[in-house]
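Colleague: I'd like to go through this model with you and hear how each label is earned. Can you put it up first?

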Amino acid sequence: MNVSTRAELPSDAPATRRVHMAAFPGPDEADLVDALRRDPSWLAGLSVVAVDERQLVVGHALLTRLRVGEGQALALAPVAVAPEWQRKGVGRQLVRAALAAAEDAGERLVVVFGDPGYYGRFGFTPAWEHGVSGPFPVPAEYFQALPLPAYDGGPQGLCRYPEPFGAL
Ligand SMILES: CC(C)(COP(=O)(O)OP(=O)(O)OC[C@H]1O[C@@H](n2cnc3c(N)ncnc32)[C@H](O)[C@@H]1OP(=O)(O)O)[C@@H](O)C(=O)NCCC(=O)NCCS
C-alpha cells in the first residue's frame, strides 16, 4: 500500500465527492463538502486528499474556518476514507496531514465532533478543558479540541460552525 497526502485541487472535487458517498450511508457529508466549497469558511490548502499509487483520491479530510467566541479556530469535518481503504492507516495519515497544514498556517486551535477513541490518538481532548463549548446537544466527550503550537490560551467560548453545517 502506498498512499500519500496532498492539498486538494479544484479538479479533485468530483473524486472527493465519490469518496464521501462511498464512506457514509447517505449524501449528507458529500453535500456538506460541496456547500462548504462555496462558503467563506473554505480555506484553500486545508482540504487534504489521500491518493493511491495511480493518483486516485481514496480519502479526504477537511478543515474549515470556525468562530469560537470572539476569535477563530478550525473545524475538522468531515473525514472519509473509501471503504476498501479503511483501517489501513489512511485516516490517520489524512488527519495528521491536515493538522500539519493548520500548524504551518499558524492556526491555534482545531475542534472536532467525533469519537473520542479515534480523535484522542491525535491529542484531541474534551473541548471544555480549553474553555470551548459546542453548539450541538451531544455528550461532552464527543466535542473535542486540539491546541496547536501557536495556541496562546485562546480562543475560548461558544463555537459557531459555518452555515452549511446547520443543514446537517
Ligand atoms: C473514520 C475513518 C475516516 C477512519 O479512517 P481509516 O483509514 O479507516 O482509519 P485508520 O486506518 O487511520 O485508523 C483505524 C483505527 O481507527 C479506528 N476507527 C476506525 N473508524 C472508527 C470510528 N468510526 N470510530 C472509532 N474508531 C474508529 C479503528 O478501530 C482502527 O483502530 P485499530 O487500527 O486499532 O483497529 C474511516 O473509517 C471512514 O471513512 N469511516 C466512515 C466515515 C466516518 O465515519 N467518518 C468519521 C466521521 S466525520
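**Around the ligand**

Modeller: Sure. Keep in mind that this is a predicted model. There are 16 residues around the ligand, and Val81, Arg87, Gly89, Gly91 and Arg92 come nearest.

Colleague: What makes Gln86 a polar contact of the ligand?

Modeller: A polar side-chain atom of Gln86 lies 3.4 Å from an oxygen atom of the ligand. The cut-off for a pair of N or O atoms is 3.5 Å, so this pair counts.

Colleague: And how do you know that Lys88 and Arg121 belong on that list too?

Modeller: With Lys88 the partner is a polar backbone atom, 3.2 Å from a ligand oxygen. With Arg121 an N or O atom in the side chain is 3.4 Å from an oxygen of the ligand. Both values are within 3.5 Å, so both pairs qualify. As for cover, the ligand on its own has 860 Å² of accessible area, and the protein covers 68% of that.

Colleague: Which pocket does the ligand take up?

Modeller: The largest pocket is the space taken by the ligand. Two elements give two or more residues to the shell there: strand 4 (71-81) and helix 3 (90-104). Strand 4 gives the most, with 4 residues.

Colleague: How do the shell residues divide by type?

Modeller: Into 8 nonpolar, 3 polar and 5 charged. Glycine is put with the polar ones, because the grouping places it there.

**Strands and the hairpin**

Colleague: Why are strand 1 and strand 2 called a pair?

Modeller: Pairing needs at least two bridges, and 4 bridges join strand 1 (residues 4-7) to strand 2 (residues 42-51), so they pair. These two run antiparallel. To see one bridge, look at Ser4, whose partner in strand 2 is Val51.

Colleague: What makes strand 2 and strand 3 a pair?

Modeller: By that rule of at least two bridges, they pair because 6 bridges join strand 2 to strand 3 (residues 57-68). This pair is antiparallel as well. Val51 turns up again here, standing opposite Val57 in strand 3.

Colleague: Where is Gln55, and what is its phi?

Modeller: Gln55 is in the loop between strand 2 and strand 3. Its phi is positive, about 70°, although Gln55 is not a glycine. The hairpin of these strands has 5 residues between them.

**Cis peptide bonds**

Colleague: Which residues does a cis peptide bond join in this model, and what is omega there?

Modeller: One cis bond joins Ala77 and Pro78, with omega about -10°. Another joins Gly154 and Pro155, where omega is about 5°.

Colleague: And where do Pro78 and Pro155 lie?

Modeller: Pro78 is in strand 4, the element that gives the most to the ligand's shell. Pro155 is in the loop between strand 8 (143-147) and strand 9 (157-160).

Methods. Residues numbered from 1 in each chain as written. Predicted model: local features only at pLDDT ≥ 70, side-chain atom pairs only at ≥ 80, totals over all residues. Heavy atoms only, no water. Near = heavy atom within 4 Å. Polar contact = N/O pair within 3.5 Å; in protein donor to acceptor, adjacent residues only side chain to side chain. Areas by Shrake-Rupley, 256 points an atom, 1.4 Å probe, with all protein chains shown as cover. 1 Å grid on protein atoms, 1.4 Å probe; cavity = no way out; pocket = protein on both sides within 12 Å on 5 of 7 lines; lining within 4 Å. Sits in = over half its atoms within 2 Å of the grid points.
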